[in-house]
Amino acid sequence: SLRSSQGRRCHKTMSDIPAKVYLLGGGGVPNYGDELIIQSWLRWYVSDLGLPAASLTVSGSHERVLRSLFAEDYPDVRFSQAVRESRWRKETTFYASIAHGYAYLDDVVNEGSPLHRELEGATLFHLHGGGYLNSKWPTHGFMLGLALWAKENVGCRVVGTGLGLGPLRDPDPRDDTAFRAFRAFDLLEVRDQWS
């Protein structure tokens, strides 16, 4: 709650805060299906919801590819590959990457990371669909850890839509970070029965 200019107590809700959406996923490779997913979400946020395009950041594999595909229709959207640049580690596992994503922005070595700027003030962290969260590409687990970090440190909501989760082995029952990362979602939608 806040005090108004007249000294009265007022309460701010999530709907009173200007939306700042961080849309993250495996797009920008390019991969036609992933780009259709991004295009649909951009249309929904900007045209259907009426959010200003400048309130959206789209992060994926290659900023240049994302920009070439979407900047003409959405010139005010910010495009990024900061997560891709931050997540890479040799010889890792999917679940170790979740822990890496969660700890990344708290590490003093990464204080100047562009991710700090991109996530600052985010009201929604949206992990969009595709089948990239699996043991085949273990560094993508970083995205789940980053989502948990954003929820706890930025205070945003976390949603996942149309996600394919596999193939993956079950996490170690003692891996609290992985379990907390999956529980951090305010909405989690998967694209198939196995997921």
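**View 1. The second largest pocket of this predicted model holds about 170 Å³ of space.** The structure shown is a predicted model, and the same holds for each of the views that follow. The residues that line the second largest pocket are Tyr-95, Leu-165, Leu-168, Arg-169, Asp-170, Pro-171, Ala-178, Phe-179, Phe-182 and Trp-194. Helix α7, which spans residues 176-183, supplies the largest share of this lining, with 3 residues. Sorted by character, the lining of the second largest pocket comprises 8 nonpolar and 2 charged residues, with no polar ones.

**View 2. The largest cavity encloses about 50 Å³ of space.** With a threshold of 30 Å³ or more, the count of cavities in the model comes to 1. Its lining is made up of Leu-24, Gly-25, Gly-26, Ser-59, Gly-60, Ser-61, Val-83, Arg-84, Arg-87, His-140 and Met-143. Helix α3, covering residues 82-87, contributes the largest share of the lining of the largest cavity, namely 3 residues. The lining of this cavity divides into 3 nonpolar, 6 polar and 2 charged residues.

**View 3. The largest nonpolar core brings together 34 residues.** In soluble globular proteins, nonpolar side chains tend to be buried together. Within the largest core, the residues with the most contacts are Val-83, Leu-115, Phe-125, Leu-127, Leu-133, Leu-144 and Leu-146. Helix α6, which runs over residues 141-153, gives the most to this core, with 8 residues. Apart from the largest core lies another core, of 17 residues, and Leu-42, Leu-56, Val-58 and Tyr-74 are among its members.

**View 4. Phe-125 is shown with its contacts beyond its neighbours within four places in sequence.** Once those neighbours are left aside, Phe-125 is in contact with Tyr-22, Leu-24, Leu-119, Met-143, Leu-146, Ala-147, Ala-150, Cys-156, Arg-157, Val-158 and Val-159. One of these partners, Leu-146, is listed together with Phe-125 among the residues with the most contacts inside the largest nonpolar core. Two further partners, Leu-24 and Met-143, also appear in the lining of the largest cavity.

**View 5. Asp-186 and Lys-151 meet through their side chains in a salt bridge, at 3.0 Å from N to O.** This pair links distant parts of the chain, with Asp-186 in the loop between α7 and β9 (187-190) and Lys-151 in helix α6, 35 residues apart. Asp-186 counts as partly exposed because its relative accessibility is 45%, and Lys-151, at 27% relative accessibility, likewise counts as partly exposed. The structure holds 6 salt bridges, this pair being one of them.

**View 6. A salt bridge joins the side chains of Glu-152 and Arg-180, at 2.6 Å from N to O.** Because Glu-152 lies in helix α6 and Arg-180 in helix α7, the pair ties together parts that are 28 residues apart in sequence. Glu-152 has 42% relative accessibility and therefore counts as partly exposed, as does Arg-180 at 26%. Together with Asp-176, these two residues are linked in a network of salt bridges.

**View 7. The side chains of Asp-192 and Arg-191 form a salt bridge, at 3.9 Å from N to O.** Asp-192 counts as partly exposed, with a relative accessibility of 33%. Arg-191, by contrast, counts as exposed, because its relative accessibility is 52% and the class of exposed residues begins over 50%.

Note on methods
Residues numbered from 1 in each chain as written. Predicted model: local features only at pLDDT ≥ 70, side-chain atom pairs only at ≥ 80, totals over all residues. Heavy atoms only, no water. 1 Å grid on protein atoms, 1.4 Å probe; cavity = no way out; pocket = protein on both sides within 12 Å on 5 of 7 lines; lining within 4 Å. Points joined across faces, edges and corners; volume = space filled by probe spheres on them. Helix = DSSP H or I, 4+ residues; strand = E, 2+ residues; numbered from the N terminus. Nonpolar A, V, L, I, M, F, W, Y, C, P; charged D, E, K, R; others polar. Core = buried A, V, L, I, M, F, W, Y, C linked by side-chain atoms within 4.5 Å. Buried < 20%, exposed > 50% of the residue type's maximum accessible area, 1.4 Å probe, protein only. Contact = heavy atoms within 4.5 Å. Salt bridge = Lys/Arg side-chain N within 4 Å of Asp/Glu carboxyl O.
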